[in-house]
Amino acid sequence: MTSRHAALVVVMTALAACDQIDEFLVDDPVEEEQVALYQSAPVQRRNITVAVEAAGVIEPVKTVEVKSKASGEILELPVDTGDFVEAGTLLARIDRRVLNNSLEQAKASLEVAKARQANTQSQLDRIVRLYEQESLSKVDYEQSLLEHATARSEVVRGEIQVENATIQLEDADVNSPIAGTVIERLVEQGQVISSPLGDVGGGTLLMQMADLSRVQVRMLVDEIDIGKVQPGTIAEVNVAAYPNRPFEGEIVKVEPQAVAEQNVTMFPVLIELENREGLLKPGMNAEVEVVMARRESVMAIPTAALRTPKDIHVAGSVLGLDAEAVDGMLDASPVLAGDRAPGAAPEVPALDRERVRAAFLKRRNGEELTEDEETLLAQARQQMGGRRGARATGRPGNEGPSRRSSVAAAQLGGNYMVFALRGGEPAALRIRTGITDLDHAEVVAGLDDDDNVLILPSASLVRAQESFQRRVSGRVGIPGLSQQGGRGND
């Protein structure tokens, strides 16, 4: 095969490949009519709940560490972990022999001190009489007073030693300080323990007790949602051991110090629960749901149908509507005609934009504004706040409100736009939304129960497709093909 024949084969193969690419890229008019450009979803009545969800761990509200004031060998240990005991119940008994000996020794020392005090008292009485008769020097008199005071101090010291020894003997029986459950036992019968009164290390910890009639869940809440979590809010707690039985608790505290979990700032939140049946055990993993808002039987649409000013025209192009047609539909929307939702920010008329600018410059220059100018700036701030809110709580396309959006933003709702079928044709409408669970959004104004909204491809996907089509349509052929053709007769 000659070089010309080889080049011709390459060219023909390339042309065939181009034809196949074109057949793949160019839409078939018949198939385009069969492929739907959108999906329609009816406006439905449904319940919407906005909640903060987080994981936590069950733990006791109050934990008590039990130690013995007496040192010695443990002779009895009648309780074990999981036992519920009343206040004053015997928990452990320490060997009393050393403690009894200490008490007897303290009593004997006290008797000696009392006898010495009696002896010094009688001597002091004689010395006082002699001193009064001037038969004894003042030095001997003062020495007798000192010996008597020393004897008295020995008696007091002996009484204290007896009392301490008696207390230590009583402390040989370790009784429960509270009514609760033994959740951890750290010693065994026969073990020798030390008292925290004489041990710089703090003494031996015998066990831990807790009142499990009330427990708490410590959960971590994202900083985005922490602003809406307030003490007194009711929370629903679920544990794996009882999947079909939710427990109701109450938020009692939001810790002021944040913690970092996987580079996310979180705040610990404490939720207390009644646990009189003892079903909730310390250490159980819990799933907590804090309901911030709930609406029942309200008009709702999928959040994928919501459009923002940033992507409304791109979505319209998918339906074959140009920007001017979309703007005309929005201007005729009932919400703009006066059927605005309660609390919605009033729009600043287009004719007043110059006045707004002038009032703003006037304020920036420190000049005093009139009452009308103050009102105009307030309306402008409200309008800009509503627009920023719409941009903050929604993404272009079918994603709807951001999954990272705060619950506060979800509760407040905002101003959005949708495409709905009116007379069988798509129409752009302004609506006002209420709360959203990120799957469905409450419709406050702008739609009726019998409306159908359109779910369109995301704006980013449409732009990507348009960019790809432009690159394909701008193709000039296979590189080198024209040069080969120009030398066809060589």
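# Strands, helix α4, cores and an aromatic pair

Colleague: How many bridges join β6 to β7?

Modeller: These two strands of the predicted model run antiparallel. Strands (E, at least two residues) and helices (H or I, at least four) are DSSP runs numbered from the N terminus, and two strands pair if DSSP finds at least two bridges between them. The number of bridges that join β6 to β7 is three.

Colleague: At which pLDDT do side-chain atom pairs count?

Modeller: Residues are numbered from 1 along each chain as its sequence is written, and side-chain values use heavy atoms, with hydrogens and water left out. As this is a predicted model, totals for chains, interfaces and linings use all residues, local features need pLDDT of at least 70, and side-chain atom pairs count only at pLDDT 80 or more.

Colleague: Which strands stand at the edges of the sheet that contains β6 and β4?

Modeller: The order in this open sheet of four strands is β7-β6-β4-β9, with antiparallel pairing. Two edge strands have a single partner each, so one side of each lacks a neighbour in the sheet. These strands are β7 (173-175) and β9 (192-193).

Colleague: Which residue of β7 stands opposite Arg93?

Modeller: Strand β4 (residues 72-76) is joined to strand β6 (residues 90-94) by two bridges. Across β4 and β6, Ile74 faces Ile94, and Glu76 has Arg93 as its bridge partner. In β7, the residue opposite Arg93 is Asp173.

Colleague: Which residue of β10 stands opposite Glu184?

Modeller: A further open sheet of four strands has the order β3-β10-β8-β5 and antiparallel pairing. Its edge strands, β3 (63-67) and β5 (84-85), have a single partner each, so one side of each is left without a neighbour in the sheet. Within this sheet, β8 (residues 180-185) and β10 (residues 205-210) pair over four bridges. Opposite Glu184 in β10 stands Gln208.

Colleague: How far apart are the end C-alpha atoms of helix α4?

Modeller: The expected span of a helix is 1.5 Å times one less than its number of residues. For the 33 residues of α4 (residues 138-170) this gives 48 Å. The distance between its end C-alpha atoms agrees with this, at 49 Å.

Colleague: Is Ser144 of helix α4 buried or exposed?

Modeller: Buried means under 20% relative accessible area, exposed over 50%, and partly exposed in between (1.4 Å probe, protein chains only). Apart from its neighbours within four places in sequence, Ser144 is in contact (heavy atoms within 4.5 Å) with Gln123, Leu124 and Ile127. The buried residues of α4 pack against α3 (97-132) and β7. Because its relative accessible area is 5%, Ser144 is buried.

Colleague: Which helix supplies the largest share of the largest nonpolar core?

Modeller: A nonpolar core is a set of buried Ala, Val, Leu, Ile, Met, Phe, Trp, Tyr and Cys residues joined through side-chain atoms within 4.5 Å. The largest core has 28 residues, of which Ile74, Leu91, Leu206, Met207 and Met209 touch the most other members. At least two residues come from each of β3, β6, α3, α4 and β10. The largest share, five residues, comes from α3.

Colleague: Why is the pair of Tyr242 and Phe247 given its class, and which class is it?

Modeller: Rings of Phe, Tyr and Trp (its six-membered ring) pair if their centres lie within 6.5 Å; planes under 30 degrees apart count as stacked, over 60 as edge-to-face and the rest as tilted. Tyr242 is partly exposed at 26% relative accessible area, whereas Phe247 is buried at 9%. Their ring centres are 6.1 Å apart and their planes stand at 75 degrees, so the class is edge-to-face.
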